[in-house]
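Got a model open and want to talk through a helix and its surroundings? Let's go through it in questions and answers.

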Amino acid sequence: NHNAAAHRGAHQLAEEATEALESARAVVADFLGGVSDEIVFTKHSTEALNLLAYSIGDSPAGNAFHLKAGDEIVVSEMEHHANLIPWQQLAKRSGAKLTWLSITTDGRLDLSNIDQIINSKTKIVAITHQSNVFGTVVPIDLIVKAARNVGALIVLDACQSVPHFAVDVKQLGVDFLAFSGHKVLGPTGIGVLWGKSELLDKLEPAIFG
């Protein structure tokens with residue numbers, strides 16, 4: 001009903017499209033406990049995570065996000081491919097090393113050696129909030145604490161958790177979060193990347209035009 005390019009026109013339909021878009025952004029921000037300018041709409045969570053990985057990968061030397069050989073990216077063995085392969089490819093492009101948090105025999109995250117896995121070389125920790133295979137809810141507070149101790153970014157795959165329980169980005173303390181619309185009874189073909197405003201401002205653009 002509002003077929004016009006949002007933020008690209010001064011006529012009535014464009015104004016209506018812009019209002020609809022920004023209203024939706026405000027709803028999602030409120031849902032996550034964030035603010036509107038922290039919400040990036042994508043086609044799905046896979047694109048959201050790839051968008052973030054490419055933006056980080058394009059960061060020049062001297063930028064806070066710049067990765068180089070010797071840096072490490074931490075994931076876990078229970079990650080969905082959407083939160084694994086983008087980081088594998090980023091490691092390949094940048095020369096960084098991908099390291100893993102393992103799984104216990106009862107399907108939980110093994111944190112017995114977390115201080116060895118998340119260490120001074122760690123630049124990014126990309127972790128699921130709730131496993132799509134086991135249903136395991138990861139103790140994010142422990143992950144955040146370990147990552148903060150070494151100054152690493154924390155990326156959260158919240159695709160499974162957002163539909164099942166309240167998710168508040170301020171309480172979680174993560175830097176970036178991604179989820180898909182269809183898993184929260186929203187439309188298909190849409191996803192969300194949430195990021196702290198100050199960090200989004202420092203990211204390199206991944207798409208130009």
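Here come some questions on a helix, a strand pairing and a loop residue.

This is a predicted model, where local features need pLDDT of at least 70, side-chain atom pairs count only at pLDDT 80 or more, and totals for chains, interfaces and linings use all residues. Residues are numbered from 1 along each chain as its sequence is written, and side-chain values use heavy atoms, with hydrogens and water left out.

Q: Which residues of helix α5 are buried?
A: Helices here are DSSP runs (H or I, at least four residues; strands are E, at least two), numbered from the N terminus. Buried means under 20% relative accessible area and exposed over 50%, with a 1.4 Å probe and protein chains only. For α5 (residues 140-150), the buried ones are Ile 140, Ile 143, Val 144, Ala 146 and Ala 147.

Q: Why do the buried residues sit on the same side of α5?
A: On the other side, Asp 141, Lys 145 and Asn 149 are exposed. The arc is taken from the directions from the helix axis to the C-beta atoms. The buried residues lie on the same side of α5 because they cover an arc of only 165 degrees.

Q: Which residue of β5 stands opposite Ile 124?
A: Strands pair if DSSP finds at least two bridges between them. β4 and β5 run parallel and are joined by five bridges. Opposite Ile 124 stands Leu 153.

Q: Is Asp 71 buried or exposed?
A: Asp 71 lies in the loop between α2 (45-57) and β2 (72-76). Its relative accessibility is 4%, so Asp 71 counts as buried.
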